[in-house]
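Let's take a walk through this structure together, one piece at a time. Keep the 3D view open while you read.

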Amino acid sequence: MTTTMNNHIDEATIEADPTLPIIRMTRDFAATPAQLLKAHTDPDLFTRWVGPNGMDTRIIEWDVRDGGAWRYVAGREGEEYAFRGCFHRVGDDVIVQTFTFEGMPEDVSLETLRFEDLGDGRTRLHAQSLVDSFEGRDAWLRSGMETGVNEGYAKLDAMLASGDV
Amino acid sequence: MSDQLSRVFAALADPTRRDMVARLTTSDATVGELAGPYDVSVQAVSKHLKVLEDAGLVSRSREAQRRPVHLEAEVFDLMTKWIERYRRQAEERYSRLDAVLAEMNEQEDPQTKEGTAS
């Protein structure tokens with residue numbers, strides 16, 4: 001679980017903050033901060049990796065500037081999910097933006113992405129998402145689970161319900 | 001219910017408590033034994049234990065006077081799986097980003113090096 005300063009973080013690490021409804025993720029990339037910024041702000045590049053997994057992303061609005069709005073639709077087999085938000089701040093090594101799933105328009109998260117130059121053409125991405133409640137955060141983490149995991153979850157529910165926990 | 005789940009997440013988000021949980025995977029331990037490696041008081045360790053206990057991650061037997069702390073490994077495994085699933089999804093996304101960046105590197109290759117050289 002521990003990571004020293006000199007280690008590469010080649011696989012995403014994740015942390016749920018104990019005192020604030022925040023999710024933090026860290027990941028190293030073989031790229032410069034400028035390239036990472038471009039991969040996050042160039043619409044053609046962004047849609048190639050953003051996901052969700054197995055979905056095609058279509059950008060509707062993409063105004064990359066402080067105060068500019070963005071909106072995209074992710075689709076799979078006729079189902080469509082729209083997301084939108086605002087680029088609050090776009091700097092050389094930082095993006096601060098809001099993020100909303102339009103199916104839950106009142107739930108807004110504040111995302112801060114920092115691109116830390118590690119030298120040698122490597123950059124560490126620090127991604128932080130602040131949501132407005134612990135329930136919201138944990139529901140969000142839960143949404144990462146799909147088939148099979150619900151089983152484990154149901155088991156945990158049962159354990160909690162029966163007082164085993 | 002979801003409140004209880006939040007507590008498990010919160011309990012595991014603290015590095016000292018994660019460490020204590022890791023220690024307990026090998027065997028049960030008393031509060032004193034748990035406090036050993038840390039530069040903190042037994043009271044502080046007890047506080048951490050209280051959080052872990054409230055989250056259902058550990059229990060303390062009532063019978064013996066030394067009251068050893070026991071890890072409820074089943075809950076711990078479930079939580080790890082839960083968050084691991086989310087992490088893996090993020091990792092899939094970042095792997096795709098790796099590929100995009102590699103392509104950008106190839107296209108820019110002749111000019112990119114001087115930027116970060118010292």
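## A helix in chain B

Let's start at a glycine: Gly56(B), which comes just after helix H4(B), takes a positive phi of about 85°. Keep in mind that this whole model is predicted.

Now step back into the helix itself. H4(B) covers residues 42-54, so 13 residues at 1.5 Å each should span 18 Å, and the end C-alpha atoms are indeed 18 Å apart.

## Two sides of H4(B)

Which residues of H4(B) are buried? They are Val45(B), His48(B), Leu49(B) and Leu52(B). These four cover an arc of only 100° around the axis, so they sit on the same side of H4(B). If that spacing looks odd, remember that an α-helix has 3.6 residues a turn, so residues three or four places apart point the same way.

Turn the helix around and look at the face away from the buried side. There you'll find the exposed residues Gln43(B), Lys47(B) and Lys50(B).

## Chain B as a whole

Zooming out, chain B has five helices and two strands. Reading from the N terminus, the order is α-α-α-α-β-β-α.

Of its 118 residues, 30% count as buried. Take the chain B contacts with a separation of 6 or more: 49% of them come from residues 24 or more positions apart.

## Strands in chain A

Over in chain A, follow strand S6(A), residues 94-101, into strand S7(A), residues 108-119: the two pair in the antiparallel sense over seven bridges. A hairpin through six residues joins them. For one partnership to look for, Gln97(A) is bridged to Glu111(A) in S7(A).

S7(A) also runs antiparallel to strand S8(A), residues 122-130, with nine bridges between them. Here Leu110(A) has Leu130(A) in S8(A) as its bridge partner. The hairpin of S7(A) and S8(A) has two residues between the strands, and in it Asp120(A) takes a positive phi near 55°.

## A residue that touches both chains

Finally, find Ile14(A) in strand S1(A), residues 13-16. Is Ile14(A) buried, partly exposed or exposed? It counts as partly exposed because it has 19 C-beta neighbours inside 10 Å, while a buried residue needs 20 or more.

Leaving aside neighbours within four places in sequence, Ile14(A) is in contact with Ile23(A) and Met25(A), and also with Ile83(B), Tyr86(B), Arg87(B) and Ala90(B). Sequence distance can hide closeness in space, too: Ile14(A) and Gln128(A) are 114 residues apart in sequence, with their C-alpha atoms 9.8 Å apart.

Methods: Residues are numbered from 1 along each chain as its sequence is written. Chains are lettered from A and ligands numbered from 1 in the order in which they are written. This is a predicted model: local features need pLDDT of at least 70, side-chain atom pairs count only at pLDDT 80 or more; totals for chains, interfaces and linings use all residues. Two strands pair if DSSP finds at least two bridges between them. A residue is buried if 20 or more other C-beta atoms lie within 10 Å of its own, exposed if 12 or fewer, and partly exposed in between; C-beta atoms are placed from the backbone. Two residues are in contact if their C-beta atoms, placed from the backbone, lie within 7 Å. The expected span of a helix is 1.5 Å times one less than its number of residues. The arc is that of the directions from the helix axis to the C-beta atoms.
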